[in-house]
Amino acid sequence: MRSTDWLPVQGMSDIAAPEVFLWQELESRARRIFRLYEIEEIRTPLIERRDLFDRALGESADVVRKEMYAFADRGGRQLALRPEGTAGVMRHVAGRAGRGAGHRLFYLGPMFRAERPQAGRRRQFHQAGVEFLGPPDPVADAECIALQVHLLREWGLEGFTVRVNTRGAREDHAAVSDGIRAALGPRLDDLCPDCRVRAGSNPLRVLDCKQPRCGDLVETLPPVTAWMKPGAAEYLEDVLALLDRLGVSATRAPRLVRGLDYYRQTIWEIAHDALGAQDALSGGGRYEIDAAGQTIGGVGFAIGLERVLLALGAAGVRPERFRRPPDAWIVCAGEGLAPQALPVLQDLRAKGVACGADWTGRSLKAQMRAAGRSGAAYAVVLGEEEFRRGAARLKRLSDGAQADVPLAELHQAVMNECNAFRGHPG
Ligand code: AMP
């Protein structure tokens, strides 16, 4: 075996203890928040037909053109690992008559993009995403942004900024592209080589360029609303006014664009200072998407969980804190007692006591150490003598206090104390 065979594929990671404790916590808090907003979960397949993404995201989008894990299966079908969650949700919605407008769905799961791995950029990463289906409405957009801020706060994040802009209506798109192209025309020499090409083919992308020289030039352009019909700016102002009423602070980002053609009206990004070059925690917007022969409208967002973890890590949050220790740990005081201890253990578990044990034949002392390391509240010590009496020695690990407890009352004794703990979540 080569020495690196234990590594996962480049750009992908195992998520194990202790990190996984924080993942579980984020997921359970997200589910709690989604329930408050009456959003149902949807789990779509990780693999879809490739043309779903071509159509929904547009064949010119970078995620489709350059980053998709696309392949032919054994039957020659053209498939792809999902690079994002919205297209699959739209396919599902298209097939469920009557589940359109007003429906709200969320997903949590892995996405795949063949990007160059770096900090905050993985080839398998995870998103929590939400879709509110329905026609354009500033109320829905403001609620969707407010939900996202609620969720980030619930996760313990501070120091993020919400930047909002508009893509205008479908009819505005060509005018915006033409306007940017014309404004850049006389100044092509000031752009990076890539943007000189983009200025002709896809001028919106110039607004996204991370090169400082392009950024400086973009700052001098008029806001994109300058090229739109007045309705777009009014819609945006309605969203911002609602956010203000909700106490959600959001800044106007007149040159923010999002990479996909399907966006209409409100678009936004949430960035975090601690993330460095890849500072986007999340992106969202209102869209009209072609999937399975239908055009579906809605508003939604996706948050990158790896980046949330990076930001929490920078704020000093340690995943170990979210480990859930067992209530009790079974310790055998003597050799060959495991067959008698196992039924006691199973009985405790059947009654709801989370219980660990170690069958590797270690000494009593080593088992007690394992009990301590596990973080259990109690060690349940079982020896020949205890079994004869139908009892166990219950040792409270915080202070070493001990008592003999009949086996039939064991779960009650453990639960009393542990419920007291559970009543005061740290
Ligand atoms: P996007 O669909 O590109 O707007 O992505 C939404 C969010 O997913 C971003 O703001 C990131 O937090 C996250 N994300 C996107 N691509 C990656 C990646 N390659 N690695 C890690 N997170 C990502």
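Which residue in β11 is the bridge partner of Tyr287? It's Gly298, and the close-ups below start from that pair.

A quick note on the model: this is a predicted structure, where local features need pLDDT of at least 70, side-chain atom pairs count only at pLDDT 80 or more, and totals for chains, interfaces and linings use all residues. Residues are numbered from 1 along each chain as its sequence is written, and side-chain values use heavy atoms, leaving out hydrogens and water.

**View 1. The β10–β11 pair sits inside an eight-stranded open sheet.** Helices (H or I, at least four residues) and strands (E, at least two) are DSSP runs, numbered from the N terminus. Strands count as paired if DSSP finds at least two bridges between them. β10 (residues 280-291) and β11 (residues 294-304) run antiparallel, joined by 10 bridges. The sheet order is β1-β5-β6-β11-β10-β9-β7-β8, with mixed pairing. At the edges are β1 (40-41) and β8 (251-252); each has a single partner strand, so one side of each has no neighbour in the sheet.

**View 2. Helix α9 lies across the eight-stranded sheet and also meets α5.** α9 (residues 230-245) lies across β7 (160-166), β8, β9 (263-272) and β10, with contact meaning heavy atoms within 4.5 Å. Its direction is about 155 degrees from that of β7; axes here are lines fitted to C-alpha atoms, for helices over the stretch in contact, and angles run from 0 to 180 degrees between N-to-C directions. The axes of α5 and α9 come within 9 Å and cross at roughly 45 degrees. That makes α5 oblique to α9 (under 35 degrees is roughly parallel, over 145 roughly antiparallel, 65 to 115 roughly perpendicular, and the rest oblique). On the α5 side, the contact residues are Pro138, Val139, Asp141, Ala142, Ile145 and Ala146, and they meet Tyr235, Asp238, Val239, Leu242 and Leu243 in α9. The tally for this contact is nine nonpolar, no polar and two charged residues (Ala, Val, Leu, Ile, Met, Phe, Trp, Tyr, Cys and Pro count as nonpolar, Asp, Glu, Lys and Arg as charged, and the others, Gly among them, as polar).

**View 3. A salt bridge links Glu143 and Arg104.** Their side chains meet at 2.4 Å, N to O; the rule asks for a side-chain nitrogen of Lys or Arg within 4 Å of a carboxyl oxygen of Asp or Glu. Glu143 belongs to helix α5 (residues 138-154) and Arg104 to strand β5 (residues 104-112), so the pair ties together parts that are 39 residues apart in sequence. By this rule, the count comes to 28 salt bridges.

**View 4. Helices α1 and α10 pack against each other.** The axes of α1 (residues 19-36) and α10 (residues 305-314) are 11 Å apart, at an angle of about 110 degrees. That makes α1 roughly perpendicular to α10. Leu22, Trp23 and Leu26 in α1 meet Leu305, Glu306, Val308, Leu309 and Leu312 in α10. This contact divides into seven nonpolar, no polar and one charged residue.

**View 5. Five strands make an open sheet with mixed pairing.** The order is β13-β12-β14-β15-β16, with β13 (355-357) and β16 (402-406) as the edge strands, each pairing on one side only. β12 (residues 328-333) and β14 (residues 378-383) run parallel over six bridges, and Ala333 has Gly383 in β14 as its bridge partner.
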